[in-house]
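Biologist: Thanks for sitting down with me over this one. Could you show me the model so we can talk it through?

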Amino acid sequence: MKITIFLIVLLVLANAKTNAQGWYPLGSGMSERIYALAVYNGELYAGGEFSEAGGVAAGYIAKWNGTSWSALPTSVGGNVYAMVVYNNELYVGGNFTTAGAGFANNIAKWNGITWSALGTGTSGYVYSLAVYNGALYAGGTFNTAGGNSANNIAKWNGSAWSALGVGVSSSVNAMTEYNGQLFVGGSFLDAGGITSVNHIAKWNGSNWSSLAIGVSDGVNGMGVHNGSLYVAGDFSTASGVNAGRIAKWNDTIWSALGSGIPSFSADAVQSFDGDLIVGGHFPTAGGLTVNKIARWDGTNWFAMANGFSGWVYKLTIFDSKLIAAGLFFDPQGIQPNNVSIAEWDSTAAGLDEPFLTENIIIAPNPFSFQTTITFKETQNNTKIEIMDIMGQKIKTFILRGDRCLTIEKGEMKAGIYFLQITDENKNGIKKTIVVIN
């Protein structure tokens, strides 16, 4: 019993860092890797190679409603690598031959109720999906789409597939629209018969063209931020500029982001809260220890709390919060299992009045009967929500003119619970409580 309490106390102390901006898992997360994210019908969809989401059986794809995970009634038959919303339906690409009860070669669409194939699909994996000029574009490693020749990239107009000229010479890993053109990145060297485009090229709806002399190695992710295109990958230079895995293209020239990311890879970029967020498999950025994710404000690099233990493959925005997904353990160290998806909580930014951590006392903690939350000052319209480790909301309290709240164990089982404390000005903090027998 003493050993158990000691370990729990260590977990609580490790989680004491949540008194500032930080990463928080979405429930208990996934059992394996997440490669794709999309927001559809007000919910966050995640796809990958997992078999469980939030402890619920969910083959390769699941959805998060802001509180809990759920599986789709039917799923696809293999790994999901890409997702995008097009014509009010969710399009899913990957490595599978079935979707729901029917055949679907590596790409399918979900309308919220049923799955449908896109003709005969593609002959190989789909790694990237994008919408451009009213059509859906799929990129990956294939040589036919809908039975027609299409080298690694193809266009779906809602009823049929077509090629983009002679396509590209190798895998397409990322696509995005920028300045009225579709930008395509991957491991290819040639595009549309143009040699030495070097891993990145653009398509204007009719023709391919290069971005100077491209980048020195593969492109894994792309995104638009503050009017410029940002490209992430395995490269060290962009058209001769020392860029270090991340570079900026302003439609004319390439430029670096400070000293960049010196090793391993950058895989995802996302504009968020006025800054550029970069995720991947790198320990440092701009000379700082950042652990797989970092923030660029246009001048300097910054860490985001303690970062992650593994790999960040994808970033997106859901419910105004930044979501990071990949393969990593619980960012707060609460549980030893894979979580692989987390949200960035910036509501605790700075923790100025009234939520400086020393102004909140929770005691006893751990507790077996009851615990009391005590504030330094009287609270008005302060909300306290209790959630279990699966992300399920257990209880909600509102403080009006009080400084203390006593929480009784009641029917709460032994385990770890999260407190989300939010004042009337939307300042917030997350804390941890532990219930023991």
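Biologist: How many bridges join E15 to strand E18?

Modeller: Bear in mind that this is a predicted model. E18 covers residues 153-156 and runs antiparallel to E15. One pair in it is Leu 136 with its bridge partner Trp 156. The number of bridges that join E15 to E18 is four.

Biologist: And which residue in E15 is the bridge partner of Ser 128?

Modeller: Happy to look at that side too. E14 and E15 run antiparallel and are joined by seven bridges. Their hairpin has two residues between the strands, and Asn 133 takes a positive phi near 50 degrees there. In E15, the partner of Ser 128 is Gly 139.

Biologist: Is strand E15 largely enclosed or open?

Modeller: Buried here means under 20% relative accessible area. Six of the seven residues of E15, residues 135-141, are buried, so the rest of the structure leaves this strand largely enclosed.

Biologist: Is Asn 106 buried or exposed?

Modeller: Asn 106 sits in the loop between strand E11 and strand E12. Residues it touches include Phe 96, Thr 122 and Tyr 125. Because its relative accessible area is 7%, Asn 106 counts as buried.

Biologist: Lovely. What volume does the largest pocket have?

Modeller: Let's start with the lining, which has 39 residues, with Ser 128 and Lys 314 among those nearest the centre. Strands that give two or more residues to it include E14 and E20. By class, the lining has 25 nonpolar, 10 polar and four charged residues. The volume of the largest pocket is about 960 Å³.

Definitions and conventions: Residues numbered from 1 in each chain as written. Predicted model: local features only at pLDDT ≥ 70, side-chain atom pairs only at ≥ 80, totals over all residues. Heavy atoms only, no water. 1 Å grid on protein atoms, 1.4 Å probe; cavity = no way out; pocket = protein on both sides within 12 Å on 5 of 7 lines; lining within 4 Å. Points joined across faces, edges and corners; volume = space filled by probe spheres on them. Nonpolar A, V, L, I, M, F, W, Y, C, P; charged D, E, K, R; others polar. Buried < 20%, exposed > 50% of the residue type's maximum accessible area, 1.4 Å probe, protein only. Contact = heavy atoms within 4.5 Å. Pairing = 2+ DSSP bridges. Lists of a residue's contacts leave out its neighbours within four places in sequence.
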